[in-house]
Amino acid sequence: METVKIRWAAARLAALAGGAVIVLAACSSGGSGSAPATTSGMSGQPRSTAVTVTETEYALQLSRSSFTPGRYTFTADNAGHVAHALAVSGPGVATAQTKVLSGGGKAELTVTLRTGSYELWCPVDGHKGLGMDAHIKVGGAASPAPTGSDSGGGSGGGY
């Protein structure tokens with residue numbers, strides 16, 4: 001009889017612990033504080049700053065405009081209806097890119113950015129020329145948002 005009580009108590013404790021883990025995981029998955037989002041890699045990997053690059057026809061929208069030197073994980077989020085990908089190049093980054101994503105797809109690309117200028121674009125044929133091209137400056141002042149006063153027309157890509 002005593003063994004049954006011990007097993008019952010252990011089962012209740014396990015159920016409570018499992019519920020606590022789920023609640024803690026749910027609470028820690030978001031966040032709206034002012035600190036930049038970071039991701040931690042495998043043991044020994046440096047933390048990285050998360051940046052979402054929303055891709056649509058035919059523009060790139062970055063979740064931040066200010067960059068300091070360090071490790072970044074860019075999440076390409078294809079919010080469009082046609083295939084897109086994300087490529088990055090600049091000082092210390094020879095071209096790094098994601099796989100081609102169908103509409104609704106996401107992929108991550110982690111790079112270490114140094115002081116200097118970088119280009120982000122969609123490497124799918126012709127998309128860069130249609131406006132899926134952004135330039136960021138690392139270690140300096142944020143680039144001003146385009147005012148729409150250029151004579152080139154198009155969507156401008158946001159950066």
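Author: Let us start with a definition: two strands count as paired if DSSP finds at least two bridges between them. The model we are looking at is predicted. In it, S5 and strand S8 (residues 116-121) are joined by three bridges, so they meet the mark of at least two. The two strands run antiparallel, and Ser 89 stands opposite Glu 119 in S8.

Reader: What makes S2 and S4 a pair, and in which sense do they run?

Author: Strand S2 (residues 48-56) shares seven bridges with S4, and the rule asks for at least two, so they are a pair. The sense is parallel. One place to look is Glu 55, whose bridge partner in S4 is Asn 78.

Reader: What does Glu 55 face in S3?

Author: Glu 55 stands opposite Leu 60 there. S2 and strand S3 (residues 59-62) run antiparallel and are joined by four bridges. They form a hairpin, with two residues between them.

Reader: What is unusual about the bond that joins Glu 57 and Tyr 58?

Author: Most peptide bonds are trans. The bond between Glu 57 and Tyr 58 is cis, with omega at about -10 degrees. Tyr 58 lies in the loop between S2 and S3.

Reader: How many strands make up the open sheet that includes S5 and S8, and in what order do they come?

Author: There are four, in the order S6-S5-S8-S9, with antiparallel pairing. Strand S6 (93-97) and strand S9 (133-138) are the edge strands, since each pairs on one side only. From one strand to the next, the twist averages 15 degrees. In the chain as a whole there are one helix and nine strands, and along the sequence the helix comes before the strands, in the pattern α-β-β-β-β-β-β-β-β-β.

Reader: Why is His 84 called buried?

Author: Buried means under 20% relative accessible area, and His 84 has 0%, so it counts as buried. His 84 is found in the loop between strand S4 (70-78) and strand S5 (87-90). Leaving aside residues up to four places away in sequence, His 84 touches several residues, among them Glu 55, Tyr 58, Asn 78 and His 127.

Reader: How do you know that His 84 and His 127 make a polar contact?

Author: Such a contact needs a pair of N or O atoms within 3.5 Å, one able to donate a hydrogen and the other to accept it. The contact joining the side chains of His 84 and His 127 is 3.0 Å, so the distance fits the limit.

Reader: What makes the meeting of Glu 119 and Lys 128 a salt bridge?

Author: A salt bridge needs a side-chain nitrogen of Lys or Arg within 4 Å of a carboxyl oxygen of Asp or Glu. The side chains of Glu 119 and Lys 128 meet at 3.0 Å, N to O, so the pair qualifies. A search of the whole structure finds one salt bridge.

Reader: Is each partner buried, partly exposed or exposed, and why?

Author: Glu 119 has a relative accessible area of 17%, so it is buried. Lys 128 has 37%, so it is partly exposed. The cut-offs behind these words are under 20% for buried and over 50% for exposed.

Reader: Which residues have the most contacts inside the largest nonpolar core?

Author: They are Phe 67, Phe 74, Leu 113, Leu 120 and Ile 136, in a core of 24 residues. S7 gives the largest share, four residues. Phe 67 lies in the loop between S3 and S4 and has a relative accessible area of 1%, so it is buried. Phe 67 and Ile 136 are 69 residues apart in sequence, and their C-alpha atoms are 7.7 Å apart in space.

Reader: How do you know that the side chains along S7 alternate?

Author: Ala 107, Leu 109, Val 111 and Leu 113 point to one face and are buried, whereas Lys 106, Glu 108, Thr 110 and Thr 112 point to the other face and are not. In a regular strand, side chains switch between the two faces of the sheet in this way. S7 also pairs with S4: eight bridges join these antiparallel strands, and Phe 74 stands opposite Leu 109 in S7.

Conventions
Residues numbered from 1 in each chain as written. Predicted model: local features only at pLDDT ≥ 70, side-chain atom pairs only at ≥ 80, totals over all residues. Heavy atoms only, no water. Buried < 20%, exposed > 50% of the residue type's maximum accessible area, 1.4 Å probe, protein only. Contact = heavy atoms within 4.5 Å. Axes fitted to C-alpha atoms, helices over the stretch in contact; angles between N-to-C directions. Core = buried A, V, L, I, M, F, W, Y, C linked by side-chain atoms within 4.5 Å.
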